[in-house]
Amino acid sequence: MLKRGDEVIIISRDINKAKQIFPYAKNIITYNDNSNLLNNCTTFINLAGAEVLKQRWTKSYKNLILSSRINSTKLLIKIISKLEHKPECFINASAIGYYGSSLEKIFTEDDQPGTDFLAQVCTKWENEAAKVSVFNIRQVSVRIGIVLGKDGGALPKMLLPYKLFVGGPIAGGKQWFSWIHINDLTGIFLHAINNTNITGPINASAPNPVTNKQFAKVLGKTINRPSFFSVPKFALQLWYGEGAETLTEGNRVIPQKAIDTGYKFLFPELEKALKDCLNRD
């Protein structure tokens, strides 16, 4: 956004941490800031929420996963309600976990939510974000897939076993792995801002999802490491509890709305995406 000339204002509970992450932001304020800095903002983007796999899913941590998302969305809508000049668009993050898991089904934005915990979280999160429409503001929910990036996202955590020569698929690898390169994730957010015809959900995942086994094979090939060691499901359950399902289950998600509205993916294929993330020719 900065490269195209936008001015960015960050709202955060931790000003000092935000300054380190966003050194080029025009301003960094708290949720309680009463200044008029936000009065002329054209777009609000909400990305706040506790990390899903930071620790084992206890009852309290599951409550945090949900409440951190709902409360941040409520706070932003409350801020918007008090602005004299309201934004044109409110974009709220969500996740492809909205659809639940399946080995056979192909999911697009027209499909109904699943019934597991993450599906319920995404549904409640999106419903909360939709309340901003009472102010006649266009609202978009970006359902984010598994993000691959050079410095963040899921990839750095995945690399360690491969570096130790014990990489491979998870729990047999039959589950679908709907991924997206970080540059395309950013691109879809910008696409949603620029295209005023986009409302409601939009899937932020590459048009060519793979199985976890296929992902392991391509990753191993990209970094010249073996990829035949399988991580057993019970080991992940011991570590993450119920949260292990986010790794052992999956879904095959297609970004139909992005395609239909003209978004051109920079990295539609996994091998090219991994080579870029890992600086491999």
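**Exercise 1.** Is Glu249 buried, partly exposed or exposed, and what is its relative accessibility? Then place its salt bridge in the structure, which is a predicted model.

*Solution.*
- Step 1. Take the cut-offs: buried is under 20% relative accessible area, and exposed is over 50%.
- Step 2. Glu249 has a relative accessibility of 32%, so it counts as partly exposed.
- Step 3. Find the partner. Glu249 forms a salt bridge with Lys233, at 3.8 Å from N to O.
- Step 4. Place both ends. Lys233 belongs to helix α7 (residues 233-240), and Glu249 to the loop between α8 (245-248) and β12 (252-253), so the bridge ties together parts 16 residues apart in sequence.
- Step 5. Check Lys233. Its relative accessible area is 35%, so Lys233 is partly exposed.

**Exercise 2.** Find which residue forms a salt bridge with Glu126, and say whether each end is buried or exposed.

*Solution.*
- Step 1. The partner is Arg143; the closest N and O atoms are 2.8 Å apart.
- Step 2. Glu126 sits in helix α3 (residues 117-129) and Arg143 in strand β6 (residues 138-144), so the pair links parts 17 residues apart in sequence.
- Step 3. Glu126 has a relative accessible area of 10%, so it is buried.
- Step 4. Arg143 has a relative accessible area of 2%, so it is buried as well.

**Exercise 3.** Describe the salt bridge between Glu271 and Lys221. Then name the network that holds Lys221.

*Solution.*
- Step 1. The closest N and O atoms of Glu271 and Lys221 are 3.7 Å apart.
- Step 2. Glu271 is in helix α10 (residues 270-277) and Lys221 in helix α6 (residues 212-223), so the bridge ties together parts 50 residues apart in sequence.
- Step 3. Glu271 is partly exposed, with a relative accessible area of 32%. Lys221 is exposed, with a relative accessibility of 61%.
- Step 4. Salt bridges with shared partners join Lys221, Glu271 and Lys275 into one network.
- Step 5. Set this against the whole structure: a search finds nine salt bridges.

**Exercise 4.** Give the sign of phi for Phe165 and for Ala171. Then locate both residues.

*Solution.*
- Step 1. Recall the general rule: most residues other than glycine have a negative phi.
- Step 2. Phe165 has a positive phi, near 65°. Ala171 has a positive phi of about 50°.
- Step 3. Neither residue is a glycine.
- Step 4. Phe165 lies in the loop between α4 (155-163) and β8 (176-177). Ala171 is found in the loop between α4 and β8.
- Step 5. Phe165 is partly exposed, at 45% relative accessibility. Ala171 is partly exposed, at a relative accessible area of 32%.

Technical notes. Residues numbered from 1 in each chain as written. Predicted model: local features only at pLDDT ≥ 70, side-chain atom pairs only at ≥ 80, totals over all residues. Heavy atoms only, no water. Helix = DSSP H or I, 4+ residues; strand = E, 2+ residues; numbered from the N terminus. Buried < 20%, exposed > 50% of the residue type's maximum accessible area, 1.4 Å probe, protein only. Salt bridge = Lys/Arg side-chain N within 4 Å of Asp/Glu carboxyl O.
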